[in-house]
Amino acid sequence: MNPGRGDTAPDVARAVGGCSSFLLALHEFPDGDSLGSNLAMMRALQRLGKSVTLVAPTPPPERFGFLPGFQDIVALDTLDRPVSGFECIFLIDCSDPGRAGLGPDDLRQAELVVNIDHHPSNALFGHVNYVDPKASAAAEQVRAVIASLGVALDREMALCLYVAVSTDTGGFRFENTTAETHRLAAELLDLGVEPGPVGEIIHDTRTVSSLRLVQRMLQTLSFAAGGRIAWVVVTRRMLEECGATDDEVEGLVGYPRMIDSVDVSFLLQEMPDGAVRVALRSKKDFDVGAVAAALGGGGHRKAAGCVLRGTVEEVLSRVLEETKKLFPEEPAGPPAEAGPRPGTPEEDATVWSPCGRPV
Ligand SMILES: [Mn+2]
C-alpha cells in the first residue's frame, strides 16, 4: 500500500474487508463530527458482523447522549487489551493520533491504520489516508465509506451523520458548506432525521452553568490590532465559580468572532494539567490555521487550535504576537494593548465594549 493522502472511500473499504476486530478512537474533547462520524461508522461495521470498540481519551459531552451507540463508548484507559490487539484502527476526524490519546508505538504495532479526515493539517499517519479538506465534515467521507462497504444507511446512522455535518458547518452556515453537504443532509432527512428537534438540542440548548460561564468569560473580552483581533479567557477559577466543565467551553470562541470589527478571534482555556488550549477563528481570508501551525498546532484556515505550556499571560503574548502578523498594516496602539490582562479583569480596570470604548 502506498501511504498518501490520495486514498478514497473504495480504498478504505478494500483495505478493511478482511479484518474482523476494529478499534475506533474519538479525538480528545470530541465534538459532534467526531462523535457522529465514529458512531455511524461503528454501526455500519457492526452491520457487517464486525467486532467494534469505540474509545474516548476524554469523556464525551453528555449533551450528545441521544446519539445511538453513545452509551457503548469506552474510556481509553479502561481498554481491556493493548491497541495492537485490534486488527484495524480507525481514526476519523483526527488530524494527529496524539489527539486520540494514541502514542507512536500504538500505531507502529498496529496491522492496519485507517485515517479518514478533512483537516488540511492531517499528518497522514495511516496505512490508508483518505484525507479530503473539501469535505465539510468527516461525516461526508464516512457516508462515502459506508456506501463503499455496501451497507445501507439506517435512521440511526443518519441521525449520527446529520449531527456531525450540522455541527461542523455551524448549522449549514459556515463556508465549508457545499452543495454536496446539502445533498447529504437531504438524504439524511429522507431517512427520518427531524432537523427541528435535533437542531434545538445541538445548537440552541445550554446549561445554566455554561451561560454563567459565557457571562464571566465576556468580562475578559479584549482587543488588539485596532479592534480586528479579539480574545477571551477561561481560567480554572472561572469554571469553578460557574460550576461549568471543560467541554462547555467548546464553541465559545464564536462569541468574540461575532463582533463586527473583528477578523480574528481566539479563546485561551486554562486546562487542569496547567497547559493552555488555544482555539482560533477567523473571517475573510485570514488564515488562523497557519497561526496554529506556527504555534505547534493545526486545523483549518478559519478554525484552528493548539495547546501551549506556560501561564495564561505567557501564552497570550505568544498567540498575540503570531496573530498580529496577519495585520502588518495595523499600527500598534490603543485599543491594541489596552485590554484587561487575562483572568484579572476586575483588578485590571479597562474592559472594552464591542464598539471599542471602555465600559
Ligand atoms: Mn470535523
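These legends describe close-up views of a predicted model.

**View 1. Two domains make up the assignment of the protein chain.** Domain 1 covers residues 9-203. Domain 2 covers residues 208-324. Their C-alpha centres lie 26 Å apart. The two domains touch: 7 residues of domain 1 are in contact with 9 residues of domain 2.

**View 2. A manganese ion is held by Asp33, Asp93, His118 and Asp168.** The three aspartates each coordinate through OD, and His118 coordinates through NE2. The distances run from 2.1 to 2.3 Å. Along the chain, the donors follow the spacing D-x59-D-x24-H-x49-D. Asp93 and His118 link distant parts of the chain, 25 residues apart. Asp93 sits in the loop between strand E4 (88-92) and helix H3 (104-108). His118 sits in the loop between strand E5 (112-117) and strand E6 (128-131).

**View 3. Asp93 and His118 are shown for their burial.** Asp93 has a relative accessible area of 1%. Buried means under 20%, so Asp93 counts as buried. His118 has a relative accessibility of 2%. His118 is therefore buried by that cut-off too.

**View 4. Met41 and Phe90 touch the most other members of the largest nonpolar core.** This core holds 55 residues. Helix H5 (residues 155-168) supplies the largest share, 9 residues. Phe90 has contacts beyond its neighbours within four places in sequence. Among them are Val12, Val16, Phe22, Leu23, Leu24 and Ala25. Phe90 is also in contact with Met41, Leu45, Val114 and Ile116. A second, separate core has 25 residues, including Val291, Ala292, Ala304 and Leu308.

**View 5. Six strands form an open sheet with mixed pairing.** The strand order is E7-E8-E9-E10-E12-E11. Strand E7 (222-224) and strand E11 (298-299) are the edge strands. Each of these pairs on one side only.

**View 6. Strand E11 meets strand E12 at an edge of the sheet.** E11 and E12 (residues 303-308) run antiparallel. They are joined by 2 bridges. In one bridge, Gly299 is partnered by Ala304 of E12. Ala304 is also a member of the second nonpolar core.

**View 7. Helix H12 packs on the sheet.** H12 spans residues 312-324. The helix touches E7, strand E8 (229-234), strand E9 (264-270), strand E10 (276-282) and E12. The direction of H12 makes about 160 degrees with that of E9.

Definitions and conventions
Residues numbered from 1 in each chain as written. Predicted model: local features only at pLDDT ≥ 70, side-chain atom pairs only at ≥ 80, totals over all residues. Heavy atoms only, no water. Donors = N, O, S within 2.8 Å, 3.2 Å for Na, K, Ca; no water. Helix = DSSP H or I, 4+ residues; strand = E, 2+ residues; numbered from the N terminus. Buried < 20%, exposed > 50% of the residue type's maximum accessible area, 1.4 Å probe, protein only. Core = buried A, V, L, I, M, F, W, Y, C linked by side-chain atoms within 4.5 Å. Contact = heavy atoms within 4.5 Å. Pairing = 2+ DSSP bridges. Axes fitted to C-alpha atoms, helices over the stretch in contact; angles between N-to-C directions. Domains from an automatic or database assignment.
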